[in-house]
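Please walk through this structure with me, taking its open and enclosed spaces in turn and ending at its surface.

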Amino acid sequence: MTYYGKVIHGNKNGRKFGFPTANILLNNSENSPEKGIYAVQVTIGNKSFGGMLYVGTRPTLNLNGISIEINIFDFNDDIYDEAISFEIVKRIRDDQKFPSIDQLIAQLQQDKIIAQQYVL
């Protein structure tokens, strides 16, 4: 299934942790993926990138509301307000709360290694 949306501003926490993300406002949020971490193939314009999708409530940061955000590998362009689409390639794990930010970052590093095995 392909998901479509627009890149919106987030809290910029991912950037602080070394994993900048594109926060996505889905066109049809009723079809949102289940909470978790995924390897995804991302399309922006006519270019395709590999990435790591997060869907969840960010429990380690004690934030509320569902966040849908993608760390696009080897990408650093300003894409706020741009159309974006993505396809889930592989579910990596469930969303979870970590005892510390350092443990969250260590897990994200492992998740990225796994995700890169499934995408461009």
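How many nonpolar, polar and charged residues does the lining of the largest pocket have? Before the answer, it should be said that this is a predicted model. Sorted by class, the residues that line the largest pocket are eight nonpolar, three polar and three charged.

The space in this largest pocket comes to about 260 Å³. Its lining is made of 14 residues, of which Arg15, Pro20, Thr21, Ala22 and Asp77 lie closest to the centre of the pocket. When the lining is traced back to the elements of the chain, strand E5, which covers residues 67-72, gives the most to the largest pocket, with three residues.

The second largest pocket holds about 200 Å³ of space, and of the 13 residues that line this second pocket, Ile8, Ile24, Ile66, Ser67 and Ile68 are the closest to its centre. Strand E5 appears here again, since both strand E2 (22-26) and E5 supply at least two residues each to the lining of the second largest pocket. The largest share, however, comes from E2, with four residues. By class, the lining of the second largest pocket has six nonpolar residues, six polar residues and one charged residue.

From the pockets we can turn to enclosed space. The count of cavities of 30 Å³ or more comes to one, and the largest cavity has a volume of about 470 Å³. This cavity is lined by 31 residues, and those closest to its centre are Gly14, Thr21, Tyr54, Arg58 and Glu69. Thr21 is thus a residue to look for twice, as it is also among those closest to the centre of the largest pocket. The elements that give two or more residues to the lining of the largest cavity are helix H1 (13-16), strand E4 (47-56), strand E5 and helix H2. Divided by class, the lining of the largest cavity has 14 nonpolar, 11 polar and six charged residues.

Finally, the surface deserves a look. Val89, Ile114 and Tyr118 together make a nonpolar surface patch of about 240 Å². Of these residues, Tyr118 has its place in the segment after helix H2, which spans 101-116. Is tyrosine 118 buried, exposed or partly exposed? Tyrosine 118 counts as partly exposed because its relative accessibility is 39%, and partly exposed covers the range between under 20%, which is buried, and over 50%, which is exposed.

Note on methods:
Residues are numbered from 1 along each chain as its sequence is written. This is a predicted model: local features need pLDDT of at least 70, side-chain atom pairs count only at pLDDT 80 or more; totals for chains, interfaces and linings use all residues. Side-chain values use heavy atoms; hydrogens and water are left out. Patches are made of residues with over 30% relative accessible area and no salt bridge: like charges are joined within 9 Å, nonpolar side chains (Val, Leu, Ile, Met, Phe, Trp, Tyr) within 5 Å. Accessible areas come from the Shrake-Rupley method with a 1.4 Å probe; for residues, only the protein chains shown count as cover. A salt bridge is a side-chain nitrogen of Lys or Arg within 4 Å of a carboxyl oxygen of Asp or Glu. Buried means under 20% relative accessible area, exposed over 50%, partly exposed in between (1.4 Å probe, protein chains only). On a 1 Å grid over the protein atoms alone, a cavity is a set of points where a 1.4 Å probe fits but cannot get out, and a pocket is an open set with protein on both sides within 12 Å along at least five of seven lines; lining residues have an atom within 4 Å of a point. Grid points are joined across faces, edges and corners, and a volume is the space filled by probe spheres set on the points. Ala, Val, Leu, Ile, Met, Phe, Trp, Tyr, Cys and Pro count as nonpolar, Asp, Glu, Lys and Arg as charged, and the others, Gly among them, as polar.
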